[in-house]
Amino acid sequence: MAIEFNDWQDIKVAFEVARRGTLTSAAEALGVHHSTVLRRINHLEQSLNARLFHRHARGYSMTETGAKLFASAEQINEQLELLHNDIMAADTTLSGSLLLTTVSGFIDVLAPVCEQFQTLHPQVQLEVLLDQKRLRLDHGQAHIAVRAGPRPDEGDYIAQYLSTIEAGLYAHERYLARTGEPQSMAQLQQHHFISGVAGFNSRVPYFAWVDEHIPGEQITLRVSETSDANRAIASGLGIGGMQKEVAALYPQLKPVLGSELSWHSDIWLVTHHQVHRSAKVQAFAQLLKQHFRK
């Protein structure tokens with residue numbers, strides 16, 4: 001049977017279900033509604049006149065026929081990803097789109113670089129993807145990543161050290177005028193704190209410290225993005241962790257026990273080896289390195 005274009009689209013959706021095991025997780029990965037995923041699967045099975053999945057309470061598992069189909073689909077998917085990266089690597093012109101991924105808390109630090117790049121290269125559409133999840137550079141989800149923490153060690157990635165940033169606890173002058181400025185660790189017990197939601201804190205050292213050392217009843221606000229924490233601190237809602245460079249953008253913020261509490265993280269520029277030498281990636285990388293050298 002010949003495969004039509006629409007069937008290939010259905011196979012892509014069904015392949016995601018096979019990888020993830022449920023309609024919901026596949027829909028989230030594809031950015032569509034789960035009913036769309038179900039409709040695609042049903043259409044594909046009808047077109048092929050074959051059952052591809054076993055449906056059960058825990059999710060979807062592949063039938064023998066489905067396993068054969070998706071083994072071929074996986075090979076095709078890998079070839080398409082390689083083709084995408086080859087095309088990007090061959091791109092020697094400063095045009096088209098450039099995808100930068102980082103966490104939301106870095107946008108204040110990276111904004112000057114992005115503005116400079118847009119000014120110098122207006123023909124390139126720079127897209128900044130703010131996501132706590134690590135997007136796959138080898139899958140073409142982004143071209144450049146700026147990451148904090150240990151040196152990334154994925155085999156096909158190129159990681160370049162940019163800088164070491166410092167973070168500490170901060171509070172708005174208005175909050176400190178209302179509650180008093182803590183002069184010791186013991187006095188922290190009298191204050192409200194801002195931290196992250198469960199599952200997020202382990203990746204942010206100052207959130208992890210708050211959860212370990214501050215009683216839960218004092219943590220009056222939890223967020224899922226560091227940028228939200230920054231805004232909450234700047235609004236006077238409590239004491240919270242913030243990068244030093246970001247805190248400097250808010251003149252009314254004051255450090256809290258700065259000589260006793262600070263955290264350091266290495267910052268890395270990460271690219272995939274297939275696109276590392278493309279003109280757009282190199283142009284942005286050079287501006288980024290210059291910014292951090294200053």
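This passage goes through the pockets, the one cavity and a helix pair of a predicted model.

Starting with the open spaces, the largest pocket comes out at a volume of about 810 Å³. Its lining counts 24 residues, and those nearest the centre are Lys 12, Glu 16, Arg 19, Asn 77 and Gln 141. Three helices, H1 (5–20), H2 (23–30) and H4 (64–90), each put at least two residues into this lining. H1 is the top contributor, with eight residues. In terms of chemistry, the lining of the largest pocket is a mix of nine nonpolar, six polar and nine charged residues.

The second largest pocket has a volume of about 540 Å³. It is lined by 29 residues, with Val 103, Phe 106, Ala 148, Gly 149 and Arg 203 sitting nearest its centre. Here strands do much of the supplying: S3 (96–102), S5 (144–148), S6 (157–172) and S11 (263–272), along with helix H7 (205–213), each give at least two residues to the lining. S5 has the largest share, at four residues. Sorted by class, the lining of the second largest pocket holds 14 nonpolar, ten polar and five charged residues.

As for enclosed space, a search of the whole structure turns up one cavity of 30 Å³ or more. The largest cavity has a volume of about 40 Å³. Around it are Phe 106, Val 109, Leu 110, Val 146, Ile 165, Gln 243, Ile 267 and Phe 292. That makes seven nonpolar residues and one polar residue, with no charged ones in the lining. Phe 106 turns up twice in this account, as a lining residue of the cavity and as one of the residues nearest the centre of the second largest pocket.

Next comes the helix pair. A pair of packed helices is described by the angle between the axes and the distance between them. For H5 (residues 107–120) and H10 (residues 279–293), the axes come within 10 Å and cross at roughly 135°. Angles from over 115 up to 145 degrees fall in the oblique class, and H5 and H10 are therefore oblique to each other. The crossing of H5 past H10 is right-handed. On the H5 side, the contact is made by Val 109, Leu 110, Pro 112, Val 113, Cys 114, Gln 116, Phe 117 and Leu 120, while H10 brings in Lys 280, Ala 283, Phe 284, Leu 287, Leu 288, His 291 and Phe 292. By class, the residues of this contact split into twelve nonpolar, two polar and one charged. Val 109, Leu 110 and Phe 292 belong to the H5–H10 contact and also line the largest cavity.

Technical notes. Residues are numbered from 1 along each chain as its sequence is written. This is a predicted model: local features need pLDDT of at least 70, side-chain atom pairs count only at pLDDT 80 or more; totals for chains, interfaces and linings use all residues. Side-chain values use heavy atoms; hydrogens and water are left out. On a 1 Å grid over the protein atoms alone, a cavity is a set of points where a 1.4 Å probe fits but cannot get out, and a pocket is an open set with protein on both sides within 12 Å along at least five of seven lines; lining residues have an atom within 4 Å of a point. Grid points are joined across faces, edges and corners, and a volume is the space filled by probe spheres set on the points. Ala, Val, Leu, Ile, Met, Phe, Trp, Tyr, Cys and Pro count as nonpolar, Asp, Glu, Lys and Arg as charged, and the others, Gly among them, as polar. Axes are lines fitted to C-alpha atoms, for helices over the stretch in contact, and angles run from 0 to 180 degrees between N-to-C directions. Angles under 35 degrees count as roughly parallel, over 145 as roughly antiparallel, 65 to 115 as roughly perpendicular and the rest as oblique. A crossing is left-handed if the near helix is turned anticlockwise from the far one by less than a right angle, and right-handed if clockwise. Contact means heavy atoms within 4.5 Å.
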